[in-house]
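Q: Could you take a close look at a single part here, and then place it among the neighbouring chains? Please give the cut-offs behind each term as you go.

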Amino acid sequence: MLEQIVFYSLAALITASALMVVTARNTVHSALFLGLCLAGVGGIFALLGADFLFAGQIMVYVGGIAVLIMFVVMLLGRASDLHLRQMNKQWAAALLVCAASLAGFWKIVRMAGGALATAPVKPTTGPLGLIMMGDYALPFELVSLVLTGALLGAIFFSRSEKSQ
Amino acid sequence: MLEHVYLIPLIPLFASLVILLGFKEDPHSPAPYLGLAAMGWCLLQAVSIFWGVAGGRIVLPYEASINWFPLATEVAGKAFSYQMPIGVLIDGPAAVMLVVVTLVSFLVQLYSLGYMHGDSRFRRYYAFLSFFTASMLGLVVSNNLLVTFMCWELVGVSSYLLIGFWFEKPGPAYASKKAFMTTKLGDCGLYLALLFIFTKVGSFQIDQVREFATRGYFGMGAATAIGFGLLCGCAGKSAQWPLFIWLPDAMEGPTPVSALIHAATMVAAGIYLIAKTYFIFLAAPIAMEAVAWIGLITAFLAASMALVSYDIKRVLAFSTVSQLGFMMCALGAGGYTAGLFHLTTHAFFKGLLFLGAGSVIHAVHTNDMRSMGGLSKKMPITFLTMLAATLAISGVWPFAGYFSKDMILESVYHHSPVMFYLLTAAALMTAFYMFRLISMTFLGPDRDHEKHHHAHESPLVMTVPLMVLGLLSVVAGAALAHDGFVERLLSFPMPQTPGPEFPRALGLGVSALVLCSLALSWFLYGRGDFSIAEAVKKRFSAVFNVLEGRYYFDQLFLGLVAVADGAAKLAFWIDARVIDQTFVDGWGLLMRVFSELSALFDGLFIDRTVDGFGGLSSDLGTGLRALVADGQVQEYLLYAAIAVSLATIFILSR
Amino acid sequence: MNLGSYVALSAALFLIGVFGALTRRNIIGILMAIELMFNAANINLAAFNRYLHPGGIIGQTLALFIISIAAAEVVVGLSLVLAIYRNTDTVYVEDYNLLKG
């Protein structure tokens, strides 16, 4: 019962803040609601017993990405933006597409529907560490390479012309 | 010692390359000593091999080879991969030839130090000499007919280079061209013969071909065809009738080169190749007979031409042709041993004669014997050695030529007494013209005081080779013939043919006639009084004109060339006027009309259609671009999302 | 709770993300919408891991990888946004018309 209460409130939080992210006229608000939404997803992770994912979600997404986006928004923002429309002309078509897709996805939801969780929740940090250093060592290293590349790329692209 | 025999051709080749690439042209360049050292090494090797063979320490034949390259081929309808070998085959003749070639080449190189001294292309001369010798040595040791042929052609090339060594003068340039092209004419036959052999045997290896031939697998027709092809090549190389025309002109080259060509490297190749492929001739009696007759004709014609020539080198050149005819004749008559024996002894005394003639020319600066005379006092060493060589070539006992020529006459008599008498006549002529040469050059009074005054004996570097060869001219025959050594060394297993035995008395008679011929020669030319000779010449001027005109063989060849030229011109005219203008041009016109029509059709129908499709796609694209491709990324994204949602619905609603 | 609820939540989040990516004029808004879609996928992975493969952690591992990749994507995307902004002086995607044919 408690689980359902928590799930539905989290779902409401996530959906509402996600809607705010895509509709807010002020981009700063969008970014703030993004942080809220991501934190809610973290809560869902916790509810699903994925404790390490929960921690990663909070640290990387909420603490890192959301804050980074906020910085950039503030870096590029202009006062005049607040008076401008933030949604383009194809919103109706987009809404239609989303509705159609929802109709498609509804079948998946129905297919998934009845399954219930059986196993008890166990801590996952230990097994995750083992698998990362074991079977998934190569992808793990590749991801670190990707991150290094992203770091270098970010430095390269964001250098100002004057400093070159 | 035999396992390093492959180095014998390779070292002079290497030396030649080093001289050519590594030294600068300079009259005092040390390059000649390199060539000399290489040749000296080869000489030592060859002599030690020969010594081992003579002492029975080395058992011949020796063969060793490595695989060179594979050759996919098909013989008698059976496809297989033939591993072309490259290697050495040393048998008795090869062992002897190695000594002969290296010795003569070494002495010629030594002699050239004096003779060519101060020439502006001294270095190149030595490089060519080494290359020449290397090619000949390769030919001698090769165990593979293809490699033999390659060396054969290299010999031809290097003779071309050396005969035309003074290429800025028109004479040598012409002579080198003549030599090259005449021998090439013969080589065509040789090449065809080798190809024929390969198509029959499927191998170029001499021992395999020999095995094939001795078992009689060739068949009479094929063996005869191959034999004539080989004979054709050898007639070109060894200056046999009718391809002998190049050799008298080849003396345009430096005299030591002539010595090399006439004694060891060039003309010997033909005789040697006949001996090397003797098994084929044994299988083809007609080709064998042709060898004998061509040799006989050559011996006779060349000897008669030598009788009237006044050019000292030309006399010697005719003499070489004649002597090669002797060898050919002997080989054709079944005298394998005799032919090769004479090849060996002839190499010594003919090399000596040429080097001696070079010494004389060096002293008096002319080739014309009429300007010489009385040089025996001035040049005693040259005189004595050349006298020894003359007696040797004439066949006077106990000089070298006596033994080999005697053996030739014996085997020819055994084959056919008619040939024997003709050959004896040639031998008598040999004695006559050779002593005529000696008489006119060294005996009698001096006819040109100016030249006689300046004449002097050549330096030691030139006379030492003369003395060495002189010694060999005296003793080589007796030494080799002693105790039947030469029969053991230079023998070929062949069936005994019936024929008359050579009566010893006849041999003595020939020797007596030779002495008479020498005496007659001395009587006509040796006393400084040519009046009788001139009278004879006047009396028989028609004969003399034919002889001096060399039987007009040159003119005959030039005529043949002219005929061929005319035929070619006619063919050209037919080609240009008839074939080109009617057939080719007419056909071309027809094609043009047709293609014009085709182009019209193409332009009217096909191109229009193609252009229509192209234009349609282009218009469609332009329209679509105006509609959707306005550069708005989110629009593209919308299209993609529409597609994905449609796909989702389609897949999940099934 | 059953699996369907989580999948439904994930689908809703994803479609909101799609809607945002299709309609936001601001390029940073589009980036944020893309983040929403990533999270929807992660919810799915965690939920399937929990309900269909209890005791296993492969789904969570994949979700972790996605988080890392998303971080890289955001970093590079934002630096590209900065570079584009420097050149064009605008953050509105309809002004980015270099692809116009």
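A: Helix α16(B) is followed by Gly395(B), whose phi is positive, near 90 degrees; helices here are DSSP runs of H or I with at least four residues, strands are runs of E with at least two, and both are numbered from the N terminus. The model is predicted, so that local features need pLDDT of at least 70 and side-chain atom pairs count only at pLDDT 80 or more, while totals for chains, interfaces and linings use all residues. Residues are numbered from 1 along each chain as its sequence is written, and chains are lettered from A and ligands numbered from 1 in the order in which they are written.

Helix α16 of chain B covers residues 380–394, and its end C-alpha atoms are 21 Å apart, in agreement with the 21 Å expected for 15 residues (1.5 Å times one less than the number of residues). Eleven of these 15 residues are buried, so α16(B) is largely enclosed by the rest of the structure; buried means that 20 or more other C-beta atoms, placed from the backbone, lie within 10 Å of the residue's own. Among the buried residues are Phe383(B), Met386(B), Leu391(B) and Ile393(B), together with Thr382(B) and Ser394(B).

As for the neighbouring chains, chain B has ten residues in contact with eleven of chain C, where contact means C-beta atoms, placed from the backbone, within 7 Å. Chain C has three helices and zero strands, and 60% of its 101 residues count as buried. With chain A, 62 residues of chain C are in contact with 70 residues of chain A.

Technical notes:
Buried ≥ 20, exposed ≤ 12 C-beta atoms within 10 Å, placed from the backbone. Contact = placed C-beta atoms within 7 Å.
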